[in-house]
Protein chains: 2
Amino acid sequence: MNTKFITDDHEQLARFAKALGHPVRVYIMELLSTQTCCFSGDLAEDLPIARSTLSQHLKELKSAGLIQGTIEYPKIRYCINRENWERAKELFGHLLQSTPVTDNQCK
Amino acid sequence: MNTKFITDDHEQLARFAKALGHPVRVYIMELLSTQTCCFSGDLAEDLPIARSTLSQHLKELKSAGLIQGTIEYPKIRYCINRENWERAKELFGHLLQSTPVTDNQCK
DNA sequence: TTCTTATTTCGCAAAAATACGAAACATAAT
DNA sequence: ATTATGTTTCGTATTTTTGCGAAATAAGAA
């Protein structure tokens, strides 16, 4: 409980991870990361959940900064937020690519 | 709601992501990914949370398969579960490294 | 055997996530 | 002005997560 062990990067990474912590949201991000964009209705046809539920998942991804929506009436086009996606890439990459030492080197 | 849009990989990635969806757990995994192992008590000294709370975070990481503990009385040595960590690396890597096309290619 | 140590489990409470259907919204078409 | 369309917000219920302190546990030391 000393100075500050949990950094802003830890917090940010946790926020991104939490947003990815549901299969539906993983599915959406995967789709968006290959296809650049999509409409809520198209997703709704694929996924076995209510549209209102899907909308909430989109809202979460949006509030985590991973996607953004632009209105194209009567639809809404959802795309990846590239800047933050890059940031997520960096943070996850840093965490996952760190190479654990051979073994048994506890402090 | 057709055949199966959400795959086992989506589920697995979501499970890993969810486990990483808390700053304390990110901190722990970062520590373990550089330092190979640690004891619950050492973490407890660093982190501003009750020991029982820390224990629950460790339990969650364990049940997500990201870490494992071996008893060394009176302590417990926690290490990364390398096999699953590799799996997480693959899954996250695949998702994050996919290159979105230039723009505007909705279906 | 009794004490000590490191950690976990238990019991609880508060907050957040998940999900649904109904209703609301904003615009474009009629 | 009314209707149609795609999506979101609202209200609600259920489940899960987060957090704490107190009690339990398990083994080694005294």
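Helices (H or I, at least four residues) and strands (E, at least two) are taken here as DSSP runs, numbered from the N terminus. The structure is a predicted model, so local features need pLDDT of at least 70 and side-chain atom pairs count only at pLDDT 80 or more, while totals for chains, interfaces and linings use all residues. Residues are numbered from 1 along each chain as its sequence is written, chains are lettered from A and ligands numbered from 1 in the order in which they are written, and side-chain values use heavy atoms, with hydrogens and water left out.

Chain A comes first. Five helices and three strands make up its list of elements, and along the sequence they run α-α-β-α-α-β-β-α. Of the 107 residues in chain A, 47% are buried, where buried means under 20% relative accessible area, exposed over 50%, and partly exposed in between (1.4 Å probe, protein chains only). Contact means heavy atoms within 4.5 Å. Among the chain A contacts between residues at least 6 apart in sequence, 53% link residues at least 24 apart.

Next, the interior. A nonpolar core is a set of buried Ala, Val, Leu, Ile, Met, Phe, Trp, Tyr and Cys residues joined through side-chain atoms within 4.5 Å. The largest such core holds 63 residues, and the members touching the most others are A:L66, A:F92, B:L66 and B:F92. Helix α2 of chain B (residues 23–35) gives the most to this core, with seven residues. Leaving out residues up to four places away in sequence, A:L66 is in contact with A:F16, A:A19, A:L20, A:M29, A:L61, A:C79, A:I80, A:N81 and A:W85. In soluble globular proteins, nonpolar side chains tend to be buried together.

One of those partners, A:C79, leads on to the cysteines. A disulfide is counted as a pair of cysteine sulfur atoms within 2.5 Å, and a search of the whole structure turns up zero over all chains. For A:C79, the closest cysteine sulfur belongs to A:C37 and sits 4.7 Å away, which is too far for a bond. B:C79 is in no disulfide either, with the sulfur of B:C37, the nearest one, 4.6 Å away. Both residues are tucked out of sight: A:C79 is buried at a relative accessible area of 16%, and B:C79 counts as buried at 16% relative accessibility.

On to the DNA. A residue is near a strand if one of its heavy atoms lies within 4 Å of it. DNA strand C is surrounded by 21 residues, the closest being A:A50, A:T53, B:G41, B:S55 and B:Y78. Of the strand C atoms that come within 4 Å of the protein, sugar and phosphate account for 70%. The surface near strand C draws at least two residues each from α4 (51–63) of chain A and from α3 (40–46), α4 (51–63) and β3 (75–80) of chain B. Its largest share, five residues, is from α4(A). By type, the surface near strand C has seven nonpolar, nine polar and five charged residues; Ala, Val, Leu, Ile, Met, Phe, Trp, Tyr, Cys and Pro count as nonpolar, Asp, Glu, Lys and Arg as charged, and the others, Gly among them, as polar.

Polar contacts fill in the detail; each is a pair of N or O atoms within 3.5 Å, and within protein one must be able to donate a hydrogen and the other to accept it, with residues adjacent in sequence counting only if both atoms are side-chain atoms. An N or O atom in the A:T53 side chain is 2.8 Å from a phosphate oxygen of strand C. A polar side-chain atom of A:Y73 is 3.2 Å from a sugar or linking oxygen of strand C, and a polar backbone atom of B:S40 is 3.3 Å from a phosphate oxygen. A:Y73 also precedes a cis peptide bond, to A:P74, with omega near 5°. A:P74 sits in the loop between β2 (67–72) and β3 (75–80) of chain A.

DNA strand D has 22 residues around it, and A:G41, A:Y78, B:T53, B:H57 and B:E60 are the closest. Sugar and phosphate make up 68% of the strand D atoms that come within 4 Å of the protein. The B:H57 side chain places an N or O atom 2.8 Å from a phosphate oxygen of strand D, and the B:H22 side chain does so at 3.2 Å. A polar side-chain atom of B:S52 lies 3.2 Å from a base nitrogen of strand D. Here α4(B) gives the most to the nearby surface, with five residues.
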